[in-house]
Amino acid sequence: MKQLEIISSSANETMELGKKIAELAPAGSIFCLTGDLGAGKTTLVRGIAQALNIKSVVQSPTFNIMKIYFDGIKPLIHIDAYRLADVDTDIGLDEYIGYETGITVIEWPMYIDNLIPETANEINIVNLGNDSRRITINTNDDGLLEGLK
Ligand SMILES: Nc1ncnc2c1ncn2[C@@H]1O[C@H](COP(=O)(O)OP(=O)(O)O)[C@@H](O)[C@H]1O
Ligand SMILES: [Mg+2]
């Protein structure tokens, strides 16, 4: 995988990055988002949703595990696996991960490791203090990487 590191100085900049990602990512793309609570994972997803022209408000689906937005240009599948930490039950998420016409984003992917294809892109966000975030993208998608540079 190739790596790109970006410093974001505001929630808005992180949303803009999300928008670019949505524009560059081919249908079927999967993004695993890691980072502490409050790092900015859902903020990035909001940017992705905006670029897809999704009007509904994107919230952390912690209590839903999965939410699919069908009202935009492409479906957005938003998974938050946090509550699956100690769960070993198959709830059928694999049907939606990598949904072929959509974009899949997964918060807390480590809890459903066995369901995530190797082709998934990885984005890690580290809070550097105040509004500063280090966003590291690991990907095999050269188009995405070049487009973000
Ligand atoms: N550069 C930044 N990028 C993303 N979020 C930021 C940034 N600076 C400040 N924030 C704030 O940090 C919080 C991130 O929350 P959220 O996106 O829900 O995090 P997570 O989903 O990782 O728990 C928001 O309140 C957002 O406004
Ligand atoms: Mg979140």
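Two residues are in contact here if their C-beta atoms, placed from the backbone, lie within 7 Å. Keep that cut-off in mind for the notes below, and bear in mind that this is a predicted model.

1. **Ile-48 and its contacts.** Let's start with a residue inside helix 2. Leaving out neighbours within four places in sequence, Ile-48 is in contact with Gly-18, Ile-21, Ala-22, Leu-76, Ile-103 and Val-105. Ile-48 is itself buried, and it is listed with Ala-49, Leu-76 and Ile-123 as the residues with the most contacts inside the largest nonpolar core.

2. **The core as a whole.** That core has 32 residues. Two or more of its residues come from each of helix 1, strand 2, helix 2, strand 4 (76-80), strand 5 (103-107), strand 6 and strand 7. Which element gives the largest share? Helix 2 does, with five residues.

3. **Helix 2 is well wrapped.** Because 10 of its 11 residues are buried, helix 2 is largely enclosed by the rest of the structure. The buried set runs Lys-41, Thr-42, Thr-43, Leu-44, Val-45, Arg-46, Gly-47, Ile-48, Ala-49 and Ala-51, so if you count 20 or more other C-beta atoms within 10 Å as buried, charged Lys-41 and Arg-46 are in there too. The packing partners of these buried residues are helix 1, strand 2, strand 3 (66-69), strand 4, strand 5 and strand 6. Just past the helix, Asn-53 takes a positive phi of about 65°.

4. **Ligand 1.** There are 16 residues around ligand 1, and Thr-14, Gly-40, Lys-41, Thr-42 and Asp-131 come nearest. Helix 1 (11-24) and helix 2 (41-51) are the elements that give two or more residues to this shell. By type, the shell splits into nine polar, four charged and three nonpolar residues. Note that Lys-41 and Thr-42, among the nearest residues, also belong to the buried part of helix 2.

5. **Strand 6 and its partners.** Strand 6 (residues 121-129) pairs in the parallel sense with strand 2 (residues 30-34) over four bridges, and Thr-34 has Asn-124 as its bridge partner in strand 6. Strand 7 (residues 132-139) runs antiparallel to strand 6, and seven bridges join the two. Ile-125 stands opposite Ile-135 in strand 7. How many residues lie between strand 6 and strand 7 in their hairpin? There are two, and Asn-130 in the turn has a positive phi of about 50°.

6. **Trp-108.** This one sits in the loop between strand 5 and strand 6. Is Trp-108 buried or exposed? Neither fully: Trp-108 counts as partly exposed because 19 other C-beta atoms lie within 10 Å, and buried would take 20 or more. Setting aside residues up to four places away in sequence, Trp-108 touches Asp-80, Ala-81 and Tyr-82. The C-alpha atoms of Trp-108 and Ile-125 are separated by 12 Å, with the two residues 17 apart along the chain.

7. **Overall build.** The protein chain has three helices and seven strands, in the order β-α-β-α-β-β-β-β-β-α from the N terminus. Its radius of gyration is 14 Å, which agrees with the value near 15 Å that a compact globule of 149 residues would have. Along the principal axes, the C-alpha atoms fill a box of roughly 40 × 30 × 30 Å. Buried residues make up 36% of the chain. Of the contacts with a separation of 6 or more, 65% are between residues 24 or more positions apart.

Notes
Residues numbered from 1 in each chain as written. Chains lettered and ligands numbered in written order. Predicted model: local features only at pLDDT ≥ 70, side-chain atom pairs only at ≥ 80, totals over all residues. Near = placed C-beta within 6 Å. Pairing = 2+ DSSP bridges. Core = buried A, V, L, I, M, F, W, Y, C linked by C-beta atoms within 7 Å. Buried ≥ 20, exposed ≤ 12 C-beta atoms within 10 Å, placed from the backbone. Rg over C-alpha atoms; globule rule 2.2 N^0.38 Å.
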